[in-house]
Every structure is written in C-alpha cells, then in structure tokens.
Amino acid sequence: MPASSFGEPLLEIKGLRVDFPEVGDGPAIDGMDLTVRRGEIVALVGESGSGKSLTALTMMGLLPPGAQVTDGTALLDGEDVLSMSPKRLNKVRGSKVAMLFQQPKVMLDPTARVGGQVAEALRRHRGVGRREAKARVVQMLRDVGIPEPSRRASAFSYQLSGGMAQRVMIAAALSADPELVIADEPTTALDVTVQAQILDLLRRKRDELGLSILLITHDLGIVSTMADRVAVMYAGRIVEDGTTADIFSSPQHPYTEALIKASLLEADRGKLFSIPGSIAHARAMERGCRFLPRCPKAAELGISDMCSGAEPTLHTCGEHEHHSRCHAAPEHAEAS
Ligand SMILES: Nc1ncnc2c1ncn2[C@@H]1O[C@H](COP(=O)(O)OP(=O)(O)OP(=O)(O)O)[C@@H](O)[C@H]1O
Ligand code: SF4
Ligand SMILES: [Mg+2]
C-alpha cells in the first residue's frame, strides 16, 4: 500500500543523534530520520548493534546510563519528546506511547499481581477508580486471549508462561489507549505458534484501534507479513525505507539486498546465515559510505572512489516514498 494511504505522521524523528561520550566509538545513532503515520505498522530492521533498541528507548525517554542526545528532534503528535520535562515524559509514557519488550518477565514486577500492573496505567493516566479498573482489567486480559482472566488477574508474573506474560504486557501497554506502541523484538523469546498468535493480536489491535506500531525485529518473515513500511538501519542511521512490497521486490541498497538474501538462505538451510564482515567500526568512519567495507556493489560497478569520497544522502529512489542511502540507487523525483 502506498505510504500516503495512511494518516498524518504521528512520530517524526529527524536528524537524531545519540552519543556515548565516554565510550568514544562515534555516535551510536547518527542522523536518523524515521516517520510512523497514524494507523501504520513500520518495521525497523538491521543487524545487532545497528541502534534499533537505542532508538526505541530514546523515544520513551529511557536513555541508558552514559547516553546523550546531541542532536535532532522527535515529534510525537507534534510535541518534541527529546525536549520534554521529566514530568511531561512520565505522562506521555503509557498514555500516548507504550513499549513492549522482548522479555516481559523482566518488565513485570514479580512481587505484584498481574491484574494490578495492568490496572496501574488505567488508574494513573485515565483516572479510573479502583473498582472500575478491576472490571476493565479482566475484560482486557480476556481480550488479549488469556483464559480464565479473573483468576489470572490475581496471579504473579512468575506463574505465567512466556506467551501469557507477553499477553499481559500487551494488555498493560494498551490499557491507557496509547496512540503509538513501540515493540522491541516482542516475540523473539516465544515458540512459533505463540509468536503467530501475539503478532495476530497486535495486528488486530492496529485494525480495531487505529494504533501505530513501530516493530523492531530481526525476522524478515515477520516483517513481510506484518509491516506496511520498512526502515532498514545500519550503523546508526536509516539506509533504506519504503513500502514492504517495494523493499522486498526491489531493494535499492546493497545492505537491504544482503539482509534479504541472508534471511532467505536462513529459511532454506534452517540455520543462521550472516552477512560477511561486521558493523563494528563503521560508526567511527569519518567520510564515505559506512557500508563500503562490506559492499560487493561498489567494486562491481567500479564506483569505490565515489563511495569512499562522500557519504551518500538518503534520497528518493522510487515511488511510494522509497528512499536509499546509496550512490548506486537512481534519483527519482518526489511526487508533488
Ligand atoms: N549501555 C550502553 N553503553 C554503551 N554503548 C551502548 C549502550 N547501549 C547501546 N550502546 C551502543 O549503541 C549501539 C546500538 O545498540 P542497540 O542496543 O540499539 O542495538 P540493536 O540494533 O538494538 O541490536 P540488537 O539487534 O542486538 O538488539 C551498540 O552497538 C552500542 O555500541
Ligand atoms: S554507496 Fe557505494 S559502498 Fe555504499 S552501499 Fe552504495 S554502492 Fe555500496
Ligand atoms: Mg535491540
């Protein structure tokens, strides 16, 4: 579906830069641009260490110790998350944006009953009274597919299976009606059947509530079935974005091509396949394309000098807002 078929932008990240000054490896996120529209599912993909989780945590105002935002804006419904006061951020977290993590049991408090944890956001952000919250929690647990929800509401998280705990976290995340859910590898720890159920649940919530979802995943199979658009991250920046159909049928960045090839080989052989080389030093490069040390195309096309001389910009390379940060990707005029 063309990108423009969705609503107005809900999250607009522009020129985001996040540093760990004491580590000195160069910015972990460096000039990141990303838009999620209302009602849209955008997948953020890329190898380990590319900056996906750090992007998510930055949007939640939950920077890890030592991290600093040094540039950029991140408008959530027109308001810059990066310059919000801690008080405002606390309000926005939960009520406008909520996050799902890979390990729900790490996020759920083992000493509190799960029903109380789902009720907390309702009471805090929506001012719902104790008795009404209790009734709504049971309904919400039922809605995310938890059997015997009244009984489960008084369970502790350690008594739940991984899939059930993930459902509880989704219920907690959705309890205060956020507009954006950021899901960081929400199903990686689950077996395939439960994974499919959780993804179905998220998609159903998008369809019913018009939620926007930023879905972080390594799994391109999940991306192809879930996402409306895909943003590919490499060494702290977006190197390609476009509709899911365009990204899979005509990738315009060699890194995206390599990721797709690797995932097909993985599926074929049933084992992990990685792209030769690593992103370890790419962030410290002073100029040129950060993918050059691993890029087969630069030599193939005889453009290595151009690739080492100047960093490519993220330019429009096709219809439906398809962008690529590669010198070899054709320039395409933006539709007016
Ligand atoms: N607490 C930290 N201290 C120092 N550097 C960090 C810290 N957290 C992240 N980084 C830096 O930021 C980079 C991006 O990390 P991030 O966790 O966002 O990667 P990711 O794309 O989510 O990877 P994965 O797929 O493994 O989850 C890392 O390569 C690392 O250099
Ligand atoms: S700009 Fe050059 S090195 Fe970078 S991805 Fe494109 S072809 Fe490869
Ligand atoms: Mg991560």
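The paragraphs below go through a predicted model, beginning with a sheet of strands and moving on to the ligand, a pocket and the cavities.

A good place to begin is an open sheet of 4 strands, whose order is E2-E1-E4-E5 and whose pairing is antiparallel. Strand E2, which covers residues 29–37, and strand E5, which covers residues 79–80, stand at the edges with a single partner strand each, so one side of each is left without a neighbour in the sheet. Further in, strand E1 (residues 9–19) and strand E4 (residues 68–76) run antiparallel and are joined by 7 bridges. To find this pairing in the structure, the reader can look for Asp19, which stands opposite Gln68 in E4.

From the sheet we turn to ligand 1, which has 14 residues around it, and of these Ser48, Gly49, Lys52, Ser53 and Leu54 come nearest. When the residues of this shell are sorted by class, 5 are nonpolar, 6 are polar and 3 are charged. Which atoms of the protein lie 2.9 Å, 3.3 Å and 3.0 Å from an oxygen atom of ligand 1? In Gly49 it is a backbone N or O atom that lies 2.9 Å from an oxygen atom of the ligand, and in Ser50 a backbone N or O atom lies 3.3 Å from an oxygen atom of ligand 1. His218, by contrast, takes part through its side chain, a polar atom of which lies 3.0 Å from an oxygen atom of ligand 1. Taken alone, the ligand exposes 640 Å², and the protein buries 66% of that area.

The next feature is the second largest pocket, whose volume is about 600 Å³. Its lining is made up of 22 residues, and those closest to the centre of the pocket are Met99, Met107, Arg124, Ala172 and Ala173. Helix H2 (86–95), strand E6 (97–100), helix H4 (114–126) and helix H7 (162–174) each supply at least two residues of this lining, and among the contributors H4 gives the most, with 5 residues. By class, the lining of the second largest pocket divides into 13 nonpolar, 5 polar and 4 charged residues.

Last come the cavities. Rolling a probe the size of a water molecule over the atoms shows where empty space is left. How many cavities of 30 Å³ or more does a search of the whole structure find? The search finds 3 of them, and the largest cavity holds about 90 Å³ of space. This largest cavity is lined by 13 residues, of which Pro254, Cys289, Cys295, Cys307 and Cys326 are the closest to its centre. Sorted by class, the lining of the largest cavity has 10 nonpolar residues, 2 polar residues and 1 charged residue.

Technical notes:
Residues are numbered from 1 along each chain as its sequence is written. Chains are lettered from A and ligands numbered from 1 in the order in which they are written. This is a predicted model: local features need pLDDT of at least 70, side-chain atom pairs count only at pLDDT 80 or more; totals for chains, interfaces and linings use all residues. Side-chain values use heavy atoms; hydrogens and water are left out. A residue is near a molecule or strand if one of its heavy atoms lies within 4 Å of it. A polar contact is a pair of N or O atoms within 3.5 Å; within protein, one must be able to donate a hydrogen and the other to accept it, and residues adjacent in sequence count only if both atoms are side-chain atoms. Accessible areas come from the Shrake-Rupley method with a 1.4 Å probe; for residues, only the protein chains shown count as cover. Ala, Val, Leu, Ile, Met, Phe, Trp, Tyr, Cys and Pro count as nonpolar, Asp, Glu, Lys and Arg as charged, and the others, Gly among them, as polar. On a 1 Å grid over the protein atoms alone, a cavity is a set of points where a 1.4 Å probe fits but cannot get out, and a pocket is an open set with protein on both sides within 12 Å along at least five of seven lines; lining residues have an atom within 4 Å of a point. Grid points are joined across faces, edges and corners, and a volume is the space filled by probe spheres set on the points. Two strands pair if DSSP finds at least two bridges between them.
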